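Please open the model in a viewer and keep the selection panel at hand. The tour below proceeds stop by stop, stating what to select and what is found there.

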Amino acid sequence: MKTIPLFQVDAFTRKPFAGNPAAVCLLEQEADAGWMQSVGAEMNLSETAFVWRKNDGFGLRWFTPTIEVDLCGHATLATAHILWQEGWLAADATARFHTNSGILTARQADGRIVLDFPATPAMPAEAPAGLLQALGVTDAQVFFNGVDYLVQVDDEAVVRGLQPDFTALKQVKTRGVMVTAVSSQPEYDFVSRFFGPAAGINEDPVTGSAHCTLAPFWAERLGKTALRAFQASARGGELLVALQADRVLIAGNAVTVFQGVLLME
């Protein structure tokens with residue numbers, strides 16, 4: 001029986017049982033998509049990452065319990081962490097990933113892992129039917145990045161206090177929704193939460209890809225390109241983000257929680 005290395009990593013945190021957990025599966029070669037989706041459902045985390053060697057880097061795909069996604073930050077950070085941990089990549093080497101969102105990279109710098117992702121700015125938009133009602137907010141500005149909606153509210157307390165109706169939110173025509181506000185705490189510039197029941201994730205603990213939208217959004221409004229972010233889920237997560245032209249650098253930490261093997265006949 002074939003065994004496949006499997007890890008669970010908490011991303012965007014320095015301590016176990018915080019941040020966002022992701023599974024990382026080390027493959028000898030790209031696997032069947034149906035099998036990867038089944039593993040994603042079995043792991044039942046917001047993302048399971050599958051990585052394999054290529055001539056000039058690594059192939060990388062991400063699966064929620066129900067769908068494949070084209071971009072995922074925390075599982076990319078977790079994957080890079082495992083590549084360095086397991087000796088698939090030298091500590092001073094840059095991880096180069098071939099993905100459905102193009103080439104993504106990760107490197108180690110100043111005690112953190114730094115991801116280089118494409119910026120995905122959001123434009124003002126009409127709220128789709130049922131969105132604000134499902135979130136339970138009335139006074140908000142709405143934007144859309146082509147995949148997810150961004151909802152800006154005036155007070156961090158509103159973000160932290162949200163209790164969405166996930167059954168109703170799942171009916172809204174969008175992959176996910178980020179809700180954000182300026183931080184009331186001096187150590188952060190902005191806070192956010194991310195909801196994606198249509199993708200099988202009621203609330204994502206820490207969403208790296210959402211910050212590809214949040215970084216340019218808040219850089220424009222706060223007048224600076226380097227920002228400190230906090231995702232105010234129950235687990236919580238800290239991110240450093242920097243806007244560089246049409247790219248976003250996202251920095252954070254990761255810790256391995258457990259490791260084992262998948263059994264495959």
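Which strand gives the most to the lining of the largest pocket? Select E16, which contributes four residues to that lining. Strands and helices here are DSSP runs, with helices (H or I) of at least four residues and strands (E) of at least two, numbered from the N terminus.

This is a predicted model, in which local features need pLDDT of at least 70 and side-chain atom pairs count only at pLDDT 80 or more, while totals for chains, interfaces and linings use all residues. Residues are numbered from 1 along each chain as its sequence is written, and side-chain values use heavy atoms, with hydrogens and water left out.

**Stop 1: the largest pocket**

Extend the selection to strand E15 (226–231), strand E16 (237–244) and strand E17 (247–252), each of which supplies at least two residues of the lining of the largest pocket. The lining comprises 20 residues, and Phe12, Thr13, Arg14, Gly237 and Glu238 lie nearest the centre of the pocket. The space in this pocket is about 330 Å³. On a 1 Å grid over the protein atoms alone, a pocket is an open set of points with protein on both sides within 12 Å along at least five of seven lines, a cavity is a set where a 1.4 Å probe fits but cannot get out, and lining residues have an atom within 4 Å of a point. Grid points are joined across faces, edges and corners, and the volume is the space filled by probe spheres set on the points.

**Stop 2: the cavity**

A search of the whole structure finds one cavity of 30 Å³ or more. The largest cavity has a volume of about 130 Å³. Select Glu47, Arg175, Phe194, Thr207 and Ser209, the closest to its centre among the 16 residues that line it. Helix H2 (73–85), strand E13 (190–196) and strand E14 (201–204) are the elements that give two or more residues to this lining.

**Stop 3: helix H6 and the cysteines**

Select helix H6 (residues 211–222), where nine of the 12 residues are buried, that is, under 20% relative accessible area, with exposed meaning over 50% and partly exposed in between (1.4 Å probe, protein chains only). The buried residues include Cys212, Phe217 and Trp218. After the helix comes Gly223, with a positive phi near 70°.

Why is Cys72 not bonded to Cys212? The sulfur of Cys72 is 10 Å from that of Cys212, its closest cysteine sulfur, and this is too far for a bond. A disulfide requires a pair of cysteine sulfur atoms within 2.5 Å, and by this rule the count is zero. Both cysteines are nevertheless covered: Cys72 is buried at 3% relative accessible area, and Cys212 is buried at 0%.

**Stop 4: salt bridges**

The structure holds 10 salt bridges, each defined as a side-chain nitrogen of Lys or Arg within 4 Å of a carboxyl oxygen of Asp or Glu. Display Lys2 and Glu28, whose side chains meet in one of them (3.9 Å, N to O). Lys2 belongs to strand E1 (residues 2–11) and Glu28 to the loop between strand E2 (20–27) and helix H1 (33–43), so the pair ties together parts 26 residues apart in sequence. Lys2 is partly exposed at 40% relative accessibility, whereas Glu28 is exposed at 68%.

Next, display Asp189 and Lys224, a salt bridge at 2.6 Å, N to O. Asp189 lies in the loop between strand E12 (176–182) and E13, and Lys224 in the loop between H6 and E15, so this pair ties together parts 35 residues apart in sequence. Asp189 is buried, with a relative accessible area of 15%, while Lys224 is partly exposed at 36%.

Return to Glu220 and Arg221, whose side chains meet in a salt bridge (3.7 Å, N to O). Glu220 is exposed at 64% relative accessible area, and Arg221 is partly exposed at 37%. Elsewhere, Glu30, Arg61 and Glu68 are joined into one network by salt bridges that share partners.

**Stop 5: a surface patch**

Finally, select Met1, Val261 and Leu263, which form a nonpolar surface patch with about 360 Å² of accessible area together. Patches are made of residues with over 30% relative accessible area and no salt bridge, like charges being joined within 9 Å and nonpolar side chains (Val, Leu, Ile, Met, Phe, Trp, Tyr) within 5 Å. Accessible areas come from the Shrake-Rupley method with a 1.4 Å probe, and for residues only the protein chains shown count as cover. Val261 is found in strand E18 (residues 254–264).
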